[in-house]
Amino acid sequence: MAEQRRDARDTGDVGEGAQGARGREVADAWDELVATARRTVADGLVVGTSGNVSVRIGDTVLVTPTGVPYDRLTPDAVVGVDRDGRQVLGSLLPTSELPMHLAIYRATDAHAVVHTHAPHATAVSTLVSELPLIHYMAGSLGGPVRVAPYATYGTSELAENMLQALTHRTACLLQNHGTIAYGDSLTQAYDRTAQLEWMCRVWLLASSVPGLTPTLLSGEQVGEAAERLRTYGQGG
């Protein structure tokens with residue numbers, strides 16, 4: 001652990017050089033990753049040690065360890081792998097869902113990935129092959145959200161199914177499993193996860209009213225919203 005702490009935090013022996021800056025970058029990214037992982041628990045998107053979070057720093061992927069409650073993660077618990085999955089930081093084993101995370105980093109320009117077992121989204125994943133267009137915010141995820149066919153967790157088959165469902169999308173559902181979303185930052189990946197869970201909840205609520213069928217949007221309507229969403233907010 002002492003060596004681990006020196007790698008992630010102690011920059012006094014390298015001054016203001018590149019190694020010192022790298023150590024601070026890793027330490028700051030790990031802090032943000034842990035905060036995001038804890039938020040998934042606080043917001044009810046995961047229970048116990050389910051779900052996982054990662055962030056890319058150059059060619060290193062920091063990722064939550066397997067089977068460790070997020071409230072026990074300390075600055076010394078940093079876990080990092082390269083894009084081939086070889087561990088380069090820490091002594092704790094990385095999440096068993098590492099193949100999904102690495103598949104996204106290899107196939108996209110993602111900087112962060114959030115995977116959860118969000119209850120409403122997981123429920124929807126058992127009912128449909130694609131989340132019905134209940135709200136225009138589907139446009140913020142690239143369009144209609146697909147459901148990746150079921151495969152055992154932690155397998156290359158699941159990672160491949162996920163990549164297919166993510167084609168031209170930034171989030172998808174995993175059948176009988178949960179959600180996965182990626183983004184340019186941990187904040188964006190988390191926000192996309194939360195948005196997907198919210199849309200799933202809305203569809204389930206609307207679908208539960210006896211004798212009524214929810215009004216859905218067309219692909220064209222969602223596409224128009226997606227264009228407007230590109231310039232939403234305060235900009236640069």
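Below, a biologist asks a modeller how several descriptions of this predicted model are justified.

Modeller: Residues are numbered from 1 along each chain as its sequence is written, and side-chain values rest on heavy atoms, with hydrogens and water left out. Because the model is predicted, local features need pLDDT of at least 70 and side-chain atom pairs count only at pLDDT 80 or more, whereas totals for chains, interfaces and linings use all residues.

Biologist: What makes the contact between Arg 22 and Glu 25 a salt bridge?

Modeller: A salt bridge requires a side-chain nitrogen of Lys or Arg within 4 Å of a carboxyl oxygen of Asp or Glu. The closest N and O atoms of Arg 22 and Glu 25 are 3.9 Å apart, so the pair satisfies that limit. Both residues belong to helix 2 (residues 18-42), where, being 3 residues apart, they are separated by about one helical turn; helices here are DSSP runs of H or I with at least four residues, strands are runs of E with at least two, and both are numbered from the N terminus.

Biologist: Why is Arg 22 called partly exposed?

Modeller: Buried means under 20% relative accessible area, exposed means over 50%, and partly exposed is in between, with a 1.4 Å probe and protein chains only. Arg 22 has 32% relative accessibility and therefore counts as partly exposed, and its partner Glu 25, with 40%, is partly exposed too.

Biologist: How do you know that Arg 86 and Asp 82 form a salt bridge, and which of these residues is buried or exposed?

Modeller: Their side chains meet at 3.0 Å, N to O, which lies within the limit for a salt bridge. Arg 86, at 52% relative accessibility, counts as exposed, whereas Asp 82, with a relative accessible area of 15%, is buried.

Biologist: What is the N to O distance in the salt bridge between Arg 230 and Glu 227, and how exposed are the two residues?

Modeller: The side chains of Arg 230 and Glu 227 meet at 3.1 Å; Arg 230 counts as exposed at 63% relative accessibility, and Glu 227 counts as partly exposed at 48%. Elsewhere, salt bridges that share partners join Asp 82, Asp 84 and Arg 86 into one network, and a search of the whole structure finds 5 salt bridges.

Biologist: Why is Glu 97 described as having no salt bridge?

Modeller: Glu 97 lies in the loop between strand 4 (87-89) and helix 3 (98-107) and is buried. Lys and Arg count as positive and Asp and Glu as negative, while His and the chain ends are not counted. The nearest side chain of opposite charge, Arg 106, is 12 Å away, and a salt bridge needs atoms within 4 Å, so Glu 97 has none.

Biologist: What makes the approach of Glu 97 to His 177 a polar contact?

Modeller: A polar contact is a pair of N or O atoms within 3.5 Å; within protein, one must be able to donate a hydrogen and the other to accept it, and residues adjacent in sequence count only if both atoms are side-chain atoms. The side chains of Glu 97 and His 177 are in such a contact at 3.3 Å, so the distance falls within the limit.

Biologist: Why is His 168 called exposed, and what is noted about its phi?

Modeller: His 168 has a relative accessible area of 69% and is therefore exposed. Its phi is near 60°, a positive value in a residue other than glycine, and the residue is found in the loop between helix 5 (156-165) and strand 7 (171-174).

Biologist: Where does Asn 176 lie, and why is it called partly exposed?

Modeller: Asn 176 lies in the loop between strand 7 and strand 8 (178-183), and, with 49% relative accessibility, it counts as partly exposed. Although Asn 176 is not a glycine, its phi is positive, at about 50°.

Biologist: How do you know that Leu 33 and Thr 60 are buried?

Modeller: Leu 33, found in helix 2, has a relative accessible area of 0% and is therefore buried. Thr 60, in strand 2 (residues 60-63), counts as buried at 14% relative accessibility. The C-alpha atoms of Leu 33 and Val 113, 80 residues apart along the chain, are separated by 9.9 Å.
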